[in-house]
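Student: I have a model open here and would like some help finding my way around. Could we go through it together?

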Amino acid sequence: MSCAVLDRQHRVRVTPARLRRAAERALAALGRPGGEVEILVVDDATIRQLNGTWRGVARATDVLAFPLEVPGVDGLVGQVVVSAETAARQARRLRVPLAAELDLLVTHGVLHLVGWDDRDPVEAALMHAREREILAAGPRRPPARLWAGLLPG
């Protein structure tokens, strides 16, 4: 499995190795350990532009996922884009460590890459339950407040 992290922002300190481990853990839990994922960490302005271009939504968001089809490559390939600024605001609002919020966002993005969708409330509840399972199985138990703002699951 190959997970690369590119930090293209300078306002929020992130730990690339931890983001990589979060993606690898999610891929393994989803039965896709051979996946190739790039995690791009950006600022709000960049994610707002991407969100507007690709989803038609002219506002910042926390995470976007772009599954890619590469000729001649078997397995999952994709990019997860995370706004470090939005993640930091959400972490402050929930009173959780930024690292825990970033773990959740990377996991959420990887779930999107393999086809999970959270537009429908029922599907969102299932997706959030799967995120909880993946993160709870990790080396650090996520704080219960991390789930505030998510749909019940």
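Tutor: What follows is a walk through the sheet first and then the helices of this model, which is a predicted one.

Student: Okay, in what order do the strands of the sheet run?

Tutor: The open sheet has four strands in the order β1-β2-β4-β3, and their pairing is mixed.

Student: And which strands stand at the edges?

Tutor: The edges are taken by β1, residues 2–7, and β3, residues 63–67; each has a single partner strand, so one side of each is left without a neighbour in the sheet. On average, neighbouring strands of this sheet are turned by 15 degrees against each other, if direction is ignored.

Student: You said mixed. Which way do β1 and β2 pair, parallel or antiparallel?

Tutor: β1 and β2 pair in the parallel sense, over six bridges, and if you want a place to look, D7 has V41 in β2 as its bridge partner.

Student: What about β3 and β4, parallel or antiparallel?

Tutor: There the sense is antiparallel, with five bridges between β3 and β4, the latter being residues 77–83. In that pairing, A65 has V80 of β4 as its bridge partner.

Student: Which helices pack on the sheet, then?

Tutor: Helix α1, residues 16–29, packs on the sheet and touches β1 and β2 (36–42), with its direction making about 145 degrees with that of β1. Helix α3, residues 84–94, also packs on the sheet, where it touches β2 and β4, and its direction makes about 55 degrees with that of β4.

Student: So what is the hand of the unit that β1, α1 and β2 make?

Tutor: Together β1, α1 and β2 make a β-α-β unit that is left-handed.

Student: Switching to helices against helices: how do α1 and α4 cross?

Tutor: The axes of α1 and α4, the latter being residues 98–113, come within 9 Å and cross at roughly 40 degrees, which makes α1 oblique to α4. The crossing of this pair is right-handed. The α1 side of the contact includes L19, A22 and A23, while the α4 side includes L102, V106 and V110.

Student: How many nonpolar, polar and charged residues are in that contact?

Tutor: The contact of α1 with α4 has 10 nonpolar residues, one polar and three charged.

Student: And how do α3 and α4 pack?

Tutor: α3 and α4 pack at an angle of about 120 degrees with their axes 9 Å apart, and they are therefore oblique to each other. Their crossing is right-handed, and the residues that meet are A87, A88, Q90, A91 and L94 in α3 with L98, E101, L102 and L105 in α4. By class, that contact has seven nonpolar residues, one polar and one charged.

Student: Last one: at what angle do α4 and α5 pack, and how far apart are their axes?

Tutor: α4 packs with α5, residues 121–136, at an angle of about 125 degrees, and the axes of the two are 10 Å apart. These two helices, α4 and α5, are therefore oblique to each other, and their crossing is right-handed.

Student: Which residues meet there, and what classes are they?

Tutor: On the α4 side you will find D103, L104, T107, H108, L111 and H112, and they meet M127, H128, R130, E131, I134 and L135 in α5. The contact of α4 with α5 has five nonpolar, four polar and three charged residues.

Notes:
Residues are numbered from 1 along each chain as its sequence is written. This is a predicted model: local features need pLDDT of at least 70, side-chain atom pairs count only at pLDDT 80 or more; totals for chains, interfaces and linings use all residues. Side-chain values use heavy atoms; hydrogens and water are left out. Two strands pair if DSSP finds at least two bridges between them. Axes are lines fitted to C-alpha atoms, for helices over the stretch in contact, and angles run from 0 to 180 degrees between N-to-C directions. Contact means heavy atoms within 4.5 Å. Angles under 35 degrees count as roughly parallel, over 145 as roughly antiparallel, 65 to 115 as roughly perpendicular and the rest as oblique. A crossing is left-handed if the near helix is turned anticlockwise from the far one by less than a right angle, and right-handed if clockwise. Ala, Val, Leu, Ile, Met, Phe, Trp, Tyr, Cys and Pro count as nonpolar, Asp, Glu, Lys and Arg as charged, and the others, Gly among them, as polar. A crossover is right-handed if, with the strands pointing away from the viewer, the path from the first strand over the helix to the second runs clockwise.
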